[in-house]
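Grab a pencil and try these exercises before you peek at the solutions. Each one has a task, then a walk through the reasoning.

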Amino acid sequence: MGNIYQAIPYETKLAIVSEYVRNAPGIPVFDSAGKYGAGMALEVLGKCLKDLKVDPKEVMISNKLAWYQTALTTPEPSFEKGIWKDIQHDAIQKIGYEGIIECFEQGNDLLGDYNSQMASVHDPDEYLATAANKQEEDQLYNDILDAYKALNELKLQGKVSSIGVGAKQWKVIERISNDVELDWVMIANSLTLYNHPRELMDFIDLLHQKQISVINSAVFNGGFLIGSDFYNYREVDKTSEQGKLLLDWRNIFFELCNQFNILPVLQVWH
């Protein structure tokens, strides 16, 4: 919905949402974020649902919070350059008590007639990675804890039904889960056919024991395992040693899929 890697016509996006709503068992659940297309994904999702005349009470929306839509003043967005195509806004990161509230309210404004019922802090791992030293990291982590204070208040007020976390680095999710009472976690890129360490599996078992739901996201490493040129949302350098190792692994994976008549190749939308 947010034009990741390529600009997709609205008619195609509408068709995707329509098929999902039509085929989803029970109430359809959508996951989005202010980061996706700098808010475009939220706007488009709201418009699609409205055009399809979906009752707001008959859909569940998860909005991962931390990025706030701003005016685009440069040729391309200032965040994740080269990823988002043909978008009309930029976005800045806001993590903290006030920042998360602002992101939550803006997200619902972008959704139009719809509201998000699931809320989380998005990419806390990337936020912590900007720290220059341990003292700065501790301050950034306090910002994250303040953000969860805001989310807990939203839950107590009945404005959201559950709170969670969405991150690529599962160790950061583990750290947060030890300090915050979560309803669910979303792990991106970390638990895939290509990458599934034993310690991560043990952590998931622990979450299960705590009755914390696990949403496994980006299970194809950002599209790479089904033919994309991007691994974990970064373009693969085919001339580098790491790039060659990734491509060699994928070739073996494709050969194995062919043995069992499985098509892993990314289909092009027309």
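What follows is a set of worked exercises on this predicted model.

**Exercise 1. Overall build**

Work out how many helices and strands the protein chain has, and how its radius of gyration sits against the globule rule.

Solution.
- Step 1: Start with the secondary structure, which comes to 8 helices and 10 strands.
- Step 2: Now take the radius of gyration, which is 19 Å for the protein chain. The globule rule gives 18 Å for 270 residues, and the two values are close, so the chain is as compact as a globular protein of that length.
- Step 3: For the extents, look along the principal axes: the C-alpha trace spans about 55 × 45 × 45 Å.
- Step 4: Check the contacts with a separation of 6 or more; residues 24 or more positions apart account for 68% of them.

**Exercise 2. Inside and outside**

Find what share of the residues is buried, and what carbon and sulfur atoms supply to the exposed area.

Solution.
- Step 1: Of the 270 residues in the protein chain, 46% count as buried.
- Step 2: Turn to the surface, where the protein chain exposes about 14,600 Å². Carbon and sulfur atoms supply 52% of that area.
- Step 3: Add the charges: there are 24 positive and 38 negative ones, and their mean positions are 2 Å apart.

**Exercise 3. The nonpolar cores**

Which residues of the largest nonpolar core touch the most other members, and which helix gives the most to this core?

Solution.
- Step 1: Keep the general tendency in mind: in soluble globular proteins, nonpolar side chains tend to be buried together.
- Step 2: The largest nonpolar core holds 60 residues, and the ones touching the most other members are Leu49, Ile144, Tyr148, Leu151, Ile176 and Val185.
- Step 3: Helix α5, residues 134–156, gives the most to this core, with 8 residues.
- Step 4: Zoom in on Tyr148. Leaving out residues up to four places away in sequence, Tyr148 touches Val121, Gly164, Val165, Ile176, Val180 and Leu182.
- Step 5: Apart from the largest core lies another one, of 9 residues, including Phe224, Leu225, Val236 and Leu246.

**Exercise 4. Positive phi in a loop**

Place Ala218 and Asn221 in the chain, then decide whether each is buried or exposed.

Solution.
- Step 1: Ala218 lies in the loop between β8 (213–217) and β9 (230–231). Asn221 is also in the loop between β8 and β9.
- Step 2: Look at the backbone. Phi of Ala218 is near 50°, a positive value in a residue other than glycine; Asn221, not a glycine either, has a positive phi of about 50°.
- Step 3: The cut-off for buried is under 20% relative accessible area. Ala218 has 18% relative accessibility, so it counts as buried. Asn221 has 0%, so it counts as buried too.

**Exercise 5. Glu102 and Ser116**

Locate Glu102 and Ser116, and say what each of them touches beyond four places in sequence.

Solution.
- Step 1: Glu102 sits in helix α3, residues 97–111. Its relative accessibility is 29%, so Glu102 counts as partly exposed.
- Step 2: Beyond its sequence neighbours within four places, Glu102 is in contact with Tyr68 and Lys94.
- Step 3: Try a distance: Glu102 and Val121 are 19 residues apart along the chain, and their C-alpha atoms are separated by 13 Å.
- Step 4: Ser116 is in the loop between α3 and β5 (118–122). At 1% relative accessibility, Ser116 counts as buried.
- Step 5: With residues up to four places away not counted, Ser116 touches Ile61, Asn63, Phe104, Asn108, Leu111, Lys159 and Val160.

Note on methods: Residues are numbered from 1 along each chain as its sequence is written. This is a predicted model: local features need pLDDT of at least 70, side-chain atom pairs count only at pLDDT 80 or more; totals for chains, interfaces and linings use all residues. Side-chain values use heavy atoms; hydrogens and water are left out. A nonpolar core is a set of buried Ala, Val, Leu, Ile, Met, Phe, Trp, Tyr and Cys residues joined through side-chain atoms within 4.5 Å. Buried means under 20% relative accessible area, exposed over 50%, partly exposed in between (1.4 Å probe, protein chains only). Helices (H or I, at least four residues) and strands (E, at least two) are DSSP runs, numbered from the N terminus. Contact means heavy atoms within 4.5 Å. The radius of gyration is taken over C-alpha atoms; the globule rule is 2.2 Å times the number of residues to the power 0.38. Accessible areas come from the Shrake-Rupley method with a 1.4 Å probe; for residues, only the protein chains shown count as cover. Lys and Arg count as positive and Asp and Glu as negative; His and the chain ends are not counted. The place of a charge is taken as NZ of Lys, CZ of Arg, CG of Asp or CD of Glu.
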